[in-house]
Amino acid sequence: MKMNDIEQAKLIPIQEVLYKYGDMCPKCGHVLDRGNTNRCRCHKCSTNYSTVDLIQALYGVNIPRAIEILSNGNMESIQKERLEKIRIEYKEKQAKNEKHIKRVNNMIFKNSIEPTEACLEYLNSRCIKDSLKGLDKAYIEIKSNIYNGNETIIYRFRKQGSGIQKALKKNEKRFVRNIGTVKPLIHKAYDSNKYIIVEGIEDALTCHVLGYNFICLNSISNTSKLIEIIKSNIEKFKDKELLICTDYDKGGMDSFEQLEKFFYSTGLNYGVPFFYADMLDNNCKDINEYFIKIRQQGGNEILNDKN
C-alpha cells in the first residue's frame, strides 16, 4: 500500500459513504456534521472521520482493507445489527475509560495538600496569592500535589468534580492538564452585579483579587456551553453586567465575538472592563498579564471602579 493510495481514498466524496448507511455516527448514533471539507464530525463523542476512518469504523477493518473497499467501490449497506454492535462496544469502552479516569482523578485530589511554599511563591509571581482569601471553596480551592516527581498546583472545582493541574516550572513535562471535564465556572464573592468573563483560571483569580465576580470559561471551547448556561437561566442574568475580557488572540477574539453576538441578541447588559483598552495598548494578552505589568510598574489604576 502506497501513501498515494491513502490520499486517493480520502478524495472519494464522503457523502458517497454516508449515502450507503445514513448520517449517524457509528460509535454513538449521533447525527454527523459534514462541513466544507471532505470530512465529517460527531459533536457528541468528538470524533472526526475521513472516508477511510468512516469505513474502518463501519466495517471494523484496518486501513489497507478500508482503502481497498473504497478504491474498488465495494461499499455495501451496513446492517443495523452491525451498527448497533459498534455503538454498544463503544459505549462499554467509553464507560470503562471514564471509570478508570475518575479513579485516577479522585486519587490526585485525595493526595493533594494545602499550598506549599513553592506553590505560594508561584501564586505570588502571578500576583494572585491574595486570591486564597475569600474564595468559595465549594466552587474552587487551590492545592499542591506531586505529579510524576514534579510539584504542581491544582485548581480544584469541587462542584464540577474537576480541576486543572499545572506544573510550577514551564520546562517540566505535562505543564498543564485538565482533571476531568472542566466546564465554565461562575463565582460570586462580592456584592456587585458586575461579572468579568475570562478564559483561564489565573485570569479569573486576578478578577477575584481585584474585587470582581467572575465567569471563567476554562477554555474557549466552552464558549457555547456558557451561552447555553446563560440561555437556560436568562432571568438570573438580566440584572447582571457582563464584561467580556477573553484573551487577545485569535481564539479569544472568536470567543469574544460569539459572546457579544449572543448578548446583543438577548438584550443582556454587556461590555468590556474599563481597563480593557489600556490592557490592549500595553500589548497584554490577558488580564493576568496586564495586572502583573501594572504591579511591576508600581501602579494600582486597575483597582479603581470595581463597583
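This is a short walk through a pair of strands, the cysteines and one helix in a predicted model.

I'll start with the strands. Strand β6 covers residues 162–167, and β7 covers residues 176–179. The two pair in the antiparallel sense, over four bridges. To find your place in that pairing, look at I164, which sits opposite N178 of β7. β7 has two faces: R177 and I179 are on the covered one, while V176 and N178 are on the uncovered one. So, by definition, N178, the residue opposite I164, belongs to the uncovered face of β7.

Next, the cysteines. How many disulfides does a search of the whole structure find? Zero. Take C40, which is in no disulfide. Its nearest cysteine sulfur belongs to C25 and lies 8.2 Å away, whereas a disulfide needs the two sulfur atoms within 2.5 Å. C40 is also buried, at a relative accessible area of 2%. C127 has a relative accessibility of 15%. The cut-off for buried is under 20%, so C127 counts as buried too.

Last, helix α7, residues 201–209. Is this helix enclosed or open? Nine of its nine residues are buried, so α7 is largely enclosed by the rest of the structure. The buried residues include charged-letter names you may want to find on screen, E202 and D203, along with I201, A204, L205 and T206. C207, H208 and V209 complete the buried set. Just after α7 comes G211, with a positive phi of about 90°.

Methods. Residues numbered from 1 in each chain as written. Predicted model: local features only at pLDDT ≥ 70, side-chain atom pairs only at ≥ 80, totals over all residues. Heavy atoms only, no water. Buried < 20%, exposed > 50% of the residue type's maximum accessible area, 1.4 Å probe, protein only. Pairing = 2+ DSSP bridges.
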